[in-house]
Protein chains: 2
Amino acid sequence: MPTMRSYRDGCAIARALDAIGERWALLVVRELLLGAQRFTDLRRALPGVSANLLTDRLRELEVNGVVTRSTLPPPAASVVYELTGSGRELEPIILALGQWGQRMPGPADRRPLSATSVLLYLRSVCRPDPAEQRTVYAVELDGRTWTIATSQGTVTVESGEPPQHDSRLRTDPETLNALLADPSLFEAALDDRTLVIDSGDAATGRRLFSL
Amino acid sequence: MPTMRSYRDGCAIARALDAIGERWALLVVRELLLGAQRFTDLRRALPGVSANLLTDRLRELEVNGVVTRSTLPPPAASVVYELTGSGRELEPIILALGQWGQRMPGPADRRPLSATSVLLYLRSVCRPDPAEQRTVYAVELDGRTWTIATSQGTVTVESGEPPQHDSRLRTDPETLNALLADPSLFEAALDDRTLVIDSGDAATGRRLFSL
DNA sequence: CCGCATCCGTTTCGATACTG
DNA sequence: CAGTATCGAAACGGATGCGG
């Protein structure tokens with residue numbers, strides 16, 4: 001059964017933490033910032049969380065009005081979790097927390113990087129040239145495919161395969177992150193095959209990192 | 001000994017949560033946003049936290065570079081905890097979390113309100129008239145005295161007794177919060193003595209809530 | 001009193017196994 | 001796929017103790 005402890009403090013900060021302060025809760029929200037996800041996808045994206053606990057957190061977030069649980073209409077009929085409006089309002093806070101965490105004295109750790117966090121970063125920093133044509137990328141990260149579309153100065157990131165794409169890339173979160181920080185690593189990444197272009201030309205692929 | 005668990009995720013959000021995501025940690029930071037505090041004051045301000053847990057959290061926050069522990073020079077010689085620069089950078093995030101928490105569907109709870117949260121709110125919303133003369137208030141809340149000074153369009157809130165003051169008020173967090181939301185309740189609060197003016201005239205006291 | 005340290009019962013977490 | 005069941009380990013919460 002879900003956790004039911006509270007700080008018992010009328011303060012709005014404490015009440016917010018009652019809702020999203022339990023362990024893993026905010027990382028679940030982070031995952032859902034890129035769109036609705038299924039239980040199993042959340043598990044894969046959050047290595048270390050047990051199925052048991054993920055169930056509890058999702059239920060708590062649901063009763064707290066942060067997440068909604070819905071069953072897709074047939075023939076899909078799968079269960080998906082999605083942020084509510086209130087949940088989406090956490091985005092700037094979570095991104096700010098990420099910026100704070102980045103400034104922290106990190107002991108040069110080489111820990112695996114979550115795909116979602118890199119994609120969130122991409123979405124938050126990329127401001128494509130508004131004059132540029134709409135470009136749709138299919139990006140495969142950690143075995144999952146994402147749709148990244150640049151259009152009229154904005155970037156959208158969605159889970160799943162795009163209906164059609166201009167370029168299909170395959171890489172890992174660490175490489176993607178490195179390329180966003182320094183686009184000039186593009187050719188080197190192609191060379192050691194940490195980045196693979198499955199379709200589309202190199203110039204189109206490279207443009208994703210030159211935003 | 002302190003908690004030593006980690007999300008083991010290179011993502012900056014997860015690393016931030018490793019530093020300040022444990023239970024009570026962010027509320028400790030909240031308390032310290034108004035200035036250095038002693039162990040016992042933190043305990044009183046955070047009813048529900050046990051002494052050993054507070055010790056653990058303070059140590060963790062210390063090793064994570066969020067808090068510094070220092071012994072005041074004699075004759076005080078007391079131990080105080082204070083935010084580092086990194087810790088102070090959490091202020092906008094914590095305030096944003098508070099705004100999010102306030103928008104949450106609160107089930108009309110009448111839980112005790114922490115003094116710090118009301119003072120943080122006061123400091124964040126009050127924009128006094130820059131033309132106004134500097135005014136120093138001594139405000140007693142929950143048995144502790146705070147110094148609130150308005151000067152040149154800014155408000156400062158500090159723990160402790162001011163050297164001199166223009167007005168001395170005594171009230172409780174709930175009343176102070178209500179007065180900030182609706183200054184017209186000032187006279188009613190004086191009537192039922194949930195607000196007491198110990199020194200200074202009523203007009204000066206009232207000005208604190210008309211910012 | 002203040003700033004903890006130690007002990008101890010309870011809750012939560014994390015891992016593995018299992019089910020509709 | 002989307003969860004439950006179970007269980008040992010860790011964290012929490014409260015009480016008490018203790019040196020300065």
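**View 1. The salt bridge between A:Glu91 and A:Arg123 in a predicted model.** The side chains of A:Glu91 and A:Arg123 meet in a salt bridge, with N and O 2.8 Å apart; the term stands for a side-chain nitrogen of Lys or Arg within 4 Å of a carboxyl oxygen of Asp or Glu. Across the interface of domain 1 of chain A and domain 2 of chain A, the rule finds 1 salt bridge. From this interface, α2 (25-32) and α6 (91-103) of chain A each supply at least two residues of the side of domain 1 that touches domain 2, where helices are DSSP runs (H or I, at least four residues) and strands likewise (E, at least two), numbered from the N terminus. The model is predicted, and local features need pLDDT of at least 70, side-chain atom pairs count only at pLDDT 80 or more, while totals for chains, interfaces and linings use all residues. Residues are numbered from 1 along each chain as its sequence is written, chains are lettered from A and ligands numbered from 1 in the order in which they are written, and side-chain values use heavy atoms, with hydrogens and water left out.

**View 2. The interface of the two domains of chain A.** The domain assignment of chain A, with bounds that come from an automatic or database assignment, gives domain 1 (12-101) and domain 2 (115-208), and their C-alpha centres lie 25 Å apart. In contact, meaning heavy atoms within 4.5 Å, are 8 residues of domain 1 and 11 residues of domain 2. The two domains bury about 860 Å² between them, 58% of it on carbon and sulfur atoms, buried area being the accessible area (1.4 Å probe) that two parts lose on being put together, summed over both. In domain 1, A:Arg30, A:Leu34 and A:Leu95 lose the most area to domain 2, together 57% of what that side buries.

**View 3. The interface of chain B with chain A.** Here 46 residues of chain B are in contact with 46 residues of chain A, and the area buried between the chains is about 4,200 Å², of which carbon and sulfur atoms give 64%. In chain B, the residues that lose the most area to chain A are B:Tyr7, B:Arg23 and B:Trp100, together 19% of what that side buries. Between the chains there are 6 salt bridges; A:Asp9 forms a salt bridge with B:Arg30, the closest N and O atoms being 3.2 Å apart. The elements α1 (12-20), α2 (25-32), α6 (91-103) and α7 (115-125) of chain B each supply at least two residues of the side that touches chain A.

**View 4. The protein surface near DNA strand D.** Of the 23 residues around DNA strand D, A:Asn52, A:Arg59, A:Arg69, A:Tyr81 and B:Asn52 come nearest, a residue being near if one of its heavy atoms lies within 4 Å of the strand. Sugar and phosphate account for 68% of the atoms of DNA strand D that come within 4 Å of the protein. A polar side-chain atom of A:Arg59 lies 2.7 Å from a phosphate oxygen of the strand, and an N or O atom in the side chain of A:Tyr81 is 2.6 Å from a phosphate oxygen. For B:Asn52, a polar side-chain atom lies 2.7 Å from a base oxygen of DNA strand D. To this surface α4(A) gives the most, with 4 residues.

Terms used:
Polar contact = N/O pair within 3.5 Å; in protein donor to acceptor, adjacent residues only side chain to side chain.
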